[in-house]
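Before you take this structure to the bench, here is a colleague's reading of it, set out as numbered points. Please keep the coordinates open alongside the text.

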Amino acid sequence: MTPPRARRQVRVGIDTGGTFTDFLIARDGRLAVKKILSTPRNPTLAILEGVADLLDSGDRIEIVHGTTVATNALLERKGGRIALLTTRGFEDLLLIGRQVRKRLYGLCGEERRPLCPRSLCFGVDERTAATGAVERRPGRPDLERLAVRLRKAGVEAVAVSFLHSYANPANEETAAAVLERGGLRLSVSSRLMPEHREYERTAAAAVNAYLMPVLDDYLSSLETGTRGAALRIMQSNEGTIAAGRARREPIRTALSGPAGG
């Protein structure tokens, strides 16, 4: 009786591009290159075509994927419909921004188009001091009513960014617990970037929320199609993260494609 063939470790690097989707395959100490015509409407199709024979081989497959899905969504403003929950009185934070302007001494304000419309920026009656002391906790009934309102508005993801949550995330976690029960995708600033400076932290949470519906759908489809292969996604810093984390923190893949290429 012929003994079963030992499973080999195969690593596959995948870069989705405009014309071709490129594959670099490391197997048995050798490198092989493959090109498949890209499928821009659904990049997953070209990827699955390129790895179909590997998935059927029975080998242990590790896929490292550099993708421009997040990059294109940002450049083309084709992300999800998002809302912002912040401390009451800071609803205009994304619109005001910082002092950086094209015309520093211009007397007229510049037109700005934040990823989150002002009509979907909501203030929550809560407050945490810079020391981390919780001065006022958010009311759960108010949060539950807000969750219903967000679902009715067709919101696909919510950025939660409260004042001084880097010092103590308790109030953000309270809000997140209520909204998660409502089935909403959440980008919580203290989980994503627990650092001071409310505008930068809020902007990062908003961009992350904006990309969540796009990357969630894309990577869910890719995970299903790759049938158990270990799937890792290239970050903007050239490191890699698990596909599950990339779905929760898609902002990390904003420059994934250029880094992978």
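1. Two strands are said to pair if DSSP finds at least two bridges between them, and that criterion underlies the sheet orders given below. The model is predicted, and the values in this note should be read with that in mind. By this criterion strand 5 (residues 82-87) and strand 9 (residues 157-161) are partners, since five bridges join them and they run parallel; within that pair, Leu85 stands opposite Val160 in strand 9.

2. As for the overall picture, the secondary structure of the protein comes to nine helices and 12 strands, and the C-alpha atoms fill a box of roughly 75 × 45 × 35 Å along the principal axes. Of the 261 residues in the protein, 42% are buried. Among contacts with a separation of 6 or more, 67% are between residues 24 or more positions apart. The protein exposes about 14000 Å², of which carbon and sulfur atoms supply 52%.

3. The pair described in point 1 belongs to an open sheet of four strands, in the order 6-5-9-10, with parallel pairing. Strand 6 (121-124) and strand 10 (185-188) are the edge strands of this sheet, each pairing on one side only. From one strand to the next, the twist averages 25 degrees.

4. There is also an open sheet of six strands, whose order is 3-2-1-4-11-12 and whose pairing is mixed. At its edges stand strand 3 (30-37) and strand 12 (240-242), each of which has a single partner strand, so one side of each is left without a neighbour in the sheet. The twist of this six-stranded sheet averages 25 degrees from one strand to the next.

5. The antiparallel part of the six-stranded sheet can be followed at strand 2 (residues 20-27), which is joined to strand 3 by eight bridges. Here Arg27 stands opposite Arg30 in strand 3. Helix 1 (residues 43-55) packs on the sheet, where it touches strand 1, strand 2, strand 3 and strand 4, and the direction of helix 1 makes about 30 degrees with that of strand 2.

6. Why can strand 4 (residues 60-66) be called largely enclosed by the rest of the structure? Buried means under 20% relative accessible area, and six of the seven residues of strand 4 are buried, so the strand is largely enclosed. Its partners in the sheet may be read alongside this: strand 1 (residues 9-16) and strand 4 pair in the parallel sense over seven bridges, with Gly13 opposite Val64 in strand 4. Strand 4 also pairs with strand 11 (residues 230-234) in the parallel sense, over four bridges, and in that pairing Glu62 stands opposite Ala230 in strand 11.

7. A last point concerns the surface, where Leu24, Leu31 and Val33 make a nonpolar patch of about 330 Å². Leu31 is found in strand 3, one of the edge strands of the six-stranded sheet. Is Leu31 buried or exposed? The relative accessibility of Leu31 is 64%, and because the cut-off for exposed is over 50%, Leu31 counts as exposed.

Methods:
Residues numbered from 1 in each chain as written. Predicted model: local features only at pLDDT ≥ 70, side-chain atom pairs only at ≥ 80, totals over all residues. Heavy atoms only, no water. Buried < 20%, exposed > 50% of the residue type's maximum accessible area, 1.4 Å probe, protein only. Helix = DSSP H or I, 4+ residues; strand = E, 2+ residues; numbered from the N terminus. Axes fitted to C-alpha atoms, helices over the stretch in contact; angles between N-to-C directions. Contact = heavy atoms within 4.5 Å. Patch = residues over 30% accessible without salt bridge, like charges linked within 9 Å, V, L, I, M, F, W, Y side chains within 5 Å. Areas by Shrake-Rupley, 256 points an atom, 1.4 Å probe, with all protein chains shown as cover. Salt bridge = Lys/Arg side-chain N within 4 Å of Asp/Glu carboxyl O.
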